[in-house]
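Hello,

Here is the structure I promised to pass on to you. Please have a look at it first, and then read on for what turned up in it.

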Amino acid sequence: MNEKSKPEIWMMCVPCAEGAKDSYSLKMQLGRTEKITCAICGKRRYGSAYEVRRK
Ligand SMILES: [Zn+2]
């Protein structure tokens, strides 16, 4: 078995997702934004579920 981490699903608002792009590769799960509670900033904002992989 390889040790590559499985992708995690994070709910992130758009600004936090933009910031996370520097450190992680992101794949939007929904294809649209909706009102979510952001896992990073903890605010209710428009965002999406992202599949997150460490680079
Ligand atoms: Zn956020």
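Of the 55 residues in the protein chain, 13% count as buried. Please keep in mind that this is a predicted model. Along its principal axes, the C-alpha trace spans about 40 × 20 × 15 Å.

As for the layout, the protein chain has one helix and four strands. Starting at the N terminus, these elements follow the order β-α-β-β-β. If you look at contacts between residues at least 6 apart in sequence, 61% of them join residues at least 24 apart.

A good place to begin is strand E4, residues 44-54, which pairs with strand E1, residues 8-13. Those two strands are antiparallel, with six bridges between them. One of the pairs to look for is Glu-8, whose bridge partner in E4 is Val-52.

Strand E2, residues 24-28, also runs antiparallel to E4, and five bridges join the two. Here you will meet Val-52 again, as the bridge partner of Leu-26.

Then there is strand E3, residues 34-37, which is joined to E4 by four bridges, again in the antiparallel sense. Within this pairing, Ile-36 has Arg-45 as its bridge partner in E4.

The hairpin of E3 and E4 has six residues between its strands. One of the residues to pick out there is Gly-42, which takes a positive phi near 75°. Gly-42 lies in the loop between E3 and E4, and it counts as exposed because it has 10 C-beta neighbours inside 10 Å. Its C-alpha is 9.9 Å from that of Met-11, although 31 residues separate the two in sequence.

Now to the interior. Which residues make up the largest nonpolar core? There are six of them: Trp-10, Met-12, Cys-13, Cys-16, Ala-17 and Tyr-50. Both E1 and helix H1, residues 14-20, supply at least two residues of this core. The largest share comes from E1, with three residues.

Ala-17 is a handy residue to click on in this core. Leaving aside residues up to four places away in sequence, Ala-17 touches Met-12, Leu-26, Gly-47 and Tyr-50. Leu-26 in that list is the residue whose bridge partner in E4 is Val-52.

Is Ile-9 buried or exposed? Ile-9 sits in strand E1, and it counts as exposed because there are 12 C-beta neighbours inside 10 Å. Not counting residues up to four places away in sequence, Ile-9 touches Gln-29, Ala-49 and Glu-51. Between Ile-9 and Cys-41, the C-alpha distance is 16 Å, with the two residues 32 apart in sequence.

Two other residues may help you find your way around the model. Lys-6 belongs to the segment before E1. With 6 C-beta neighbours inside 10 Å, Lys-6 is counted as exposed. The C-alpha atoms of Lys-6 and Arg-54 are separated by 9.2 Å, while the residues are 48 apart along the chain.

Asp-22 is in the loop between H1 and E2. It is exposed too, as 7 other C-beta atoms lie within 10 Å. From the C-alpha of Asp-22 to that of Lys-55 the separation is 9.1 Å, with their positions 33 residues apart along the chain.

If you would like a short route through the model, start with E4 and its antiparallel pairing with E1, then go on to the core that includes Trp-10 and Tyr-50, and end at Gly-42 in the loop between E3 and E4.

Enjoy exploring, and do write back with any questions.

Best wishes

Terms used
Residues numbered from 1 in each chain as written. Predicted model: local features only at pLDDT ≥ 70, side-chain atom pairs only at ≥ 80, totals over all residues. Buried ≥ 20, exposed ≤ 12 C-beta atoms within 10 Å, placed from the backbone. Contact = placed C-beta atoms within 7 Å. Pairing = 2+ DSSP bridges. Core = buried A, V, L, I, M, F, W, Y, C linked by C-beta atoms within 7 Å.
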